[in-house]
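Student: I would like a close look at a single part of this model, taken slowly. Please keep to what can be read from the structure.

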Amino acid sequence: MAQVGSEREALVACSDRNLGTGIDIWDLQTGDHLTHISTCASPPHGLLCLKDQFLVASQVNKHGSVGGGAVFAWHLNKPQSPILSYPIEAIGPICCSMDGVYLAGGAASGNAYIWEVASGRLLKTWHAHQTSLKCMVFSNDDSFLISGSGDGMICVWSMISLLDVENIEVSSSLLHYSLEHKSSISGLLTVSGSSNSTFLSSSLDATCKAWDLASGRLVQTQEYQQAITAITLHPTEQFLFAGSKDGRIFISEVNIGLMDEPFGVLEEDQLVILEGHKGSITALTFSALGLISASEDSTVCLWDASSWTTMLRFNYHKGPVTNVLVIPYSSLLPSLNHQRNQHQFRVSVLEKCPQPANLSKGTVTFLRDNETSVDFSTSSLNRQIFEMEQEEYTSAALQMKLETSINHRMWATRMTKHVMEMNKHLQTHLVDLMQTRLLRNTENDSATTRKNKKHKITTP
């Protein structure tokens, strides 16, 4: 069971039963329980790891403040001293950008939020869906945010437009949406190896769908016999693992773009099926050792990647498991603190409400590891577009170029209007000053004349 050619790993699991259940962490190699983090009850898709240094979890609002929510962050070296944030409403699913700069969250109201991790500043809040948000994920190049809701709707949002502080009309940030799914979205995945910028979705309507990210075109649909509750991809992205309501896990080959018929029902004799849970599958992920599956039966299983047999079973004992993560074992070791000080990642308390826009409109500033100011400016956008083109993200690069050009034209129009208004006010002010000065000079001349006349009369 030893890991060859890879770093030792740890398993993180939590439930949403109540705040007292907390988070448990095990050694994936030995199965030993490593530590327990108290006070956490995280809903599905509500737990993530930031830069292998922080665990961040949204909290269910069962015992929270009325009308408010909570998001907790723990440094993996200091898990008993969390950073406590209290958004204006309870947050369900959360996700972070690939570079760890932005944190996005969704609420039961359909509202979505984007925070800047380093400063905690709330950059954007908008009504993204008509029903509760269930899943959120960033694209691999961080240029898009994908969200899914309880009514089966999937929306793709432009990050450039969302982060434009001058953009009041959020509808312009929505690239496309779909209502092809007939029930709640249960999973969203991006396919990093796809030259066509593809993402996958799963739903309780017993289907998984593949989409073209740039156009929103439905590429392929796979139908199952059971509601799909969780999905993940094999590290090679050649196989899709779909967990079902009855506790089974279906393995199918990912052949996006290779099928003449994009729609099809996968019969069970066409699938590899893993059976080891007695309750609905709630989360799936991969480690260097194999597949990790979590279930409502309060267990987490580690499956061998070649024989697909259960290697280890972890008993949570505190309720149904809602989230699982795999993190480097070294992240838990305080002895490595001095080696990571140079690349220390900063997490701040998340703002409850957005602050008034400052004078530097059109620029979003944030602090990276070295705490120097970086701007979301034209030069950085051009650099990102160039890197995307080099990595063959052609569709996304073209989309970003188009949006950047539109945003620049809108910004230039707004600035022209603003300058014209300033000139008009300045001209009016100058005219007023001239009139005041003329009036004052006239009054002074009149006073001088009256004074001279009076002086002449009184002179003997």
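What volume does the largest pocket have?

Tutor: The model is a predicted one, and its largest pocket has a volume of about 1,400 Å³. The lining of this pocket is made up of 44 residues, and those closest to its centre are Val137, Leu189, Leu284, Thr285 and Leu325.

The lining can be read strand by strand. At least two residues each come from β4 (47–50), β8 (91–96), β12 (133–138), β16 (185–191), β20 (228–233), β25 (281–286) and β29 (321–328). Of the elements involved, β29 gives the most, with six residues. By class, 27 of the lining residues are nonpolar, 14 are polar and three are charged.

A second pocket is worth setting beside this one. The second largest pocket holds about 620 Å³ of space. It is lined by 31 residues, with Asp16, Pro43, Pro44, His45 and Lys134 the closest to its centre. Two or more residues of this lining come from each of β8, β9 (102–107), β12, β16, β25 and β29. Its residues divide into 15 nonpolar, twelve polar and four charged.

Strand β25 supplies at least two residues to the lining of the largest pocket, and it also supplies at least two to that of the second largest, which makes its surroundings a useful next step. An open sheet of four strands runs in the order β25-β26-β27-β28, and the pairing is antiparallel. The edges of this sheet are β25 and β28 (310–315); each has a single partner strand, so one side of each is left without a neighbour in the sheet. From one strand to the next the twist averages 15°. Strand β25 is joined to β26 (residues 290–295) by five bridges, and the two run antiparallel. Within this pairing, Phe286 stands opposite Leu291 in β26.

Enclosed space is a separate matter from the pockets. Over the whole structure, a search finds four cavities of 30 Å³ or more. The largest cavity contains about 100 Å³ of space. Its lining consists of Leu200, Cys208, Lys209, Ala210, Gln220, Thr221, Gln222, Leu240, Glu253, Val254, Asn255 and Ile256. The elements that contribute two or more of these residues are β18 and β19 (218–223). Sorted by class, the cavity lining has six nonpolar, four polar and two charged residues.

Strand β18 also leads to a backbone detail. Ala206 is placed in the loop between β17 (198–203) and β18 (207–212). Its phi is near 70°, a positive value in a residue other than glycine. Most residues other than glycine have a negative phi. Ala206 counts as buried because its relative accessibility is 12%, under the 20% cut-off.

Glu237 can be described in similar terms. It is found in the loop between β20 and β21 (239–244), and β20 is one of the strands that supply at least two residues to the lining of the largest pocket. Phi of Glu237 is near 60°, again a positive value in a residue other than glycine. With a relative accessible area of 18%, Glu237 is buried.

Notes
Residues are numbered from 1 along each chain as its sequence is written. This is a predicted model: local features need pLDDT of at least 70, side-chain atom pairs count only at pLDDT 80 or more; totals for chains, interfaces and linings use all residues. Side-chain values use heavy atoms; hydrogens and water are left out. On a 1 Å grid over the protein atoms alone, a cavity is a set of points where a 1.4 Å probe fits but cannot get out, and a pocket is an open set with protein on both sides within 12 Å along at least five of seven lines; lining residues have an atom within 4 Å of a point. Grid points are joined across faces, edges and corners, and a volume is the space filled by probe spheres set on the points. Ala, Val, Leu, Ile, Met, Phe, Trp, Tyr, Cys and Pro count as nonpolar, Asp, Glu, Lys and Arg as charged, and the others, Gly among them, as polar. Buried means under 20% relative accessible area, exposed over 50%, partly exposed in between (1.4 Å probe, protein chains only). Two strands pair if DSSP finds at least two bridges between them. Axes are lines fitted to C-alpha atoms, for helices over the stretch in contact, and angles run from 0 to 180 degrees between N-to-C directions.
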